[in-house]
Amino acid sequence: MELSETRIRFGDALELGECGLLPLIAERNSSLGRQKQESTRLVYEWKVRAGLNACQSLQEYQWYQEAVQSKTQDVEASVIALLMQSEEAQRLQSKLSRPFAGLNESSQAYAQRSQPIFRTLNHALTGASAPSSLAVTEFENALHQWSQTQHHGTLHQAITETLAWLTVANRIQNQAIKANRLCPMGTPTNKGQMIETFLTNYFRIHLQPKWSAVIRSLDGLEHQWKQLPLTLITNDALIDGLLELPSGTRHQLRMLLSTHIKQWQTILQDCDLAPRAETMNS
């Protein structure tokens, strides 16, 4: 997201002196003022917007109204940049030296460490007063701890691996259903008799928990970030950006998993075997 090119003229800026904004405006209007890391940029734009909001006596002026609107959008653009383009965002995508044993542990740590990040971003977006120096320091520390989870990269890899597996497995299932050689005329062959054992053992113990962890983790991440009041980007685009996934990937994952379960149910029915709910539910 690009920041606005809004400039406040010197004559107008003098009107903002009582709000303590002159140093910030001077910094913003300089080329150096535009070169900030994403978290610092967010705090900076937040302070400018909060300072403008405090100058209630200037509400009648057109330039003031435009500046408030522009700064409100700049705060949001800074939030999006922090989530998707910052050093923290890059570290969250790292797939090296994973800090947790599995996806469940990674999801739990991510959800916990995301809470102070979400609260701060929500305050910035909803027009809260400018943060104190202590609050800024705590925010920076929280960002560091959050990025150390590397959860976006962990979940990205889990999704792509699951997609690849399901694509192949669904094709094999479909071919088996069409060939009708596992249980011709409803009578299980030797391979057909092995299906129930496979599902109640390997499938239930090894595959189903992995897929459930992926879906739970994805659901949790989607639910968390859809709560942010963003207007410059859709929630789907934000989630895809956080996980670096092509548009439609998450929908494809859920559809492939649903198809996989349904095709197992079809195979079981063709073999006159009753599917077990705890086995076939994702």
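What follows is a conversation between two colleagues about a predicted model.

Colleague: Let's start with the fold; what makes up the secondary structure of the protein chain?

Modeller: The protein chain has 12 helices and 0 strands. Read from the N terminus, the order of elements is α-α-α-α-α-α-α-α-α-α-α-α.

Colleague: How do you know that the span of helix α8 agrees with its number of residues?

Modeller: Happy to go through that one. Helix α8 covers residues 151-179, which is 29 residues. The expected span is 1.5 Å times one less than the number of residues, and for α8 that comes to 42 Å. The end C-alpha atoms are 42 Å apart, so the two values agree.

Colleague: And what is found on either side of α8, at Q150 and N180?

Modeller: Q150 belongs to the loop between α7 (133-147) and α8, and its phi is positive, near 55 degrees, although the residue is not glycine. After α8 comes N180, whose phi is also positive, near 55 degrees. E244 has a phi near 55 degrees too, again a positive value in a residue other than glycine. E244 sits in the loop between α10 (235-243) and α11.

Colleague: What makes a positive phi worth pointing out in a residue other than glycine?

Modeller: Most residues other than glycine have a negative phi.

Colleague: Why is Q150 called buried?

Modeller: Buried means under 20% relative accessible area. Q150 has 10% relative accessibility, so Q150 counts as buried.

Colleague: Then why is N122 called partly exposed?

Modeller: The class between buried and exposed runs from the 20% cut-off to the 50% one. N122 has a relative accessible area of 23%, so N122 is partly exposed.

Colleague: Where does N122 lie, and which residues is N122 in contact with, leaving aside neighbours within four places in sequence?

Modeller: N122 lies in helix α6. With those neighbours set aside, N122 is in contact with L228 and P229; contact here means heavy atoms within 4.5 Å. As for E76, 46 residues from N122 along the chain, the C-alpha atoms of N122 and E76 are separated by 9.9 Å.

Colleague: How much of the protein chain counts as buried?

Modeller: Of its 282 residues, 44% count as buried. The accessible surface is about 15,000 Å², and carbon and sulfur atoms account for 51% of that surface. Looking at contacts between residues at least 6 apart in sequence, 78% join residues at least 24 apart.

Colleague: Now the pockets. What makes up the lining of the largest pocket?

Modeller: The largest pocket has a volume of about 430 Å³. It is lined by 21 residues, and A158, E161, T162, K210 and V214 are the closest to its centre. The elements that give two or more residues to this lining are α6 (103-125), α8 and α9 (190-225). By class, the lining has 11 nonpolar, 7 polar and 3 charged residues.

Colleague: And which residues lie nearest the centre of the second largest pocket?

Modeller: They are I172, Q173, I195, F198 and W264, out of 15 lining residues. The volume of this second largest pocket is about 330 Å³. At least two lining residues come from each of α8, α9 and α11 (249-270), and α9 gives the most, with 6 residues.

Colleague: How does the lining of the second largest pocket divide by class, and what are the counts?

Modeller: The counts are 12 nonpolar, 2 polar and 1 charged.

Terms used:
Residues numbered from 1 in each chain as written. Predicted model: local features only at pLDDT ≥ 70, side-chain atom pairs only at ≥ 80, totals over all residues. Heavy atoms only, no water. Helix = DSSP H or I, 4+ residues; strand = E, 2+ residues; numbered from the N terminus. 1 Å grid on protein atoms, 1.4 Å probe; cavity = no way out; pocket = protein on both sides within 12 Å on 5 of 7 lines; lining within 4 Å. Points joined across faces, edges and corners; volume = space filled by probe spheres on them. Nonpolar A, V, L, I, M, F, W, Y, C, P; charged D, E, K, R; others polar. Buried < 20%, exposed > 50% of the residue type's maximum accessible area, 1.4 Å probe, protein only. Areas by Shrake-Rupley, 256 points an atom, 1.4 Å probe, with all protein chains shown as cover.
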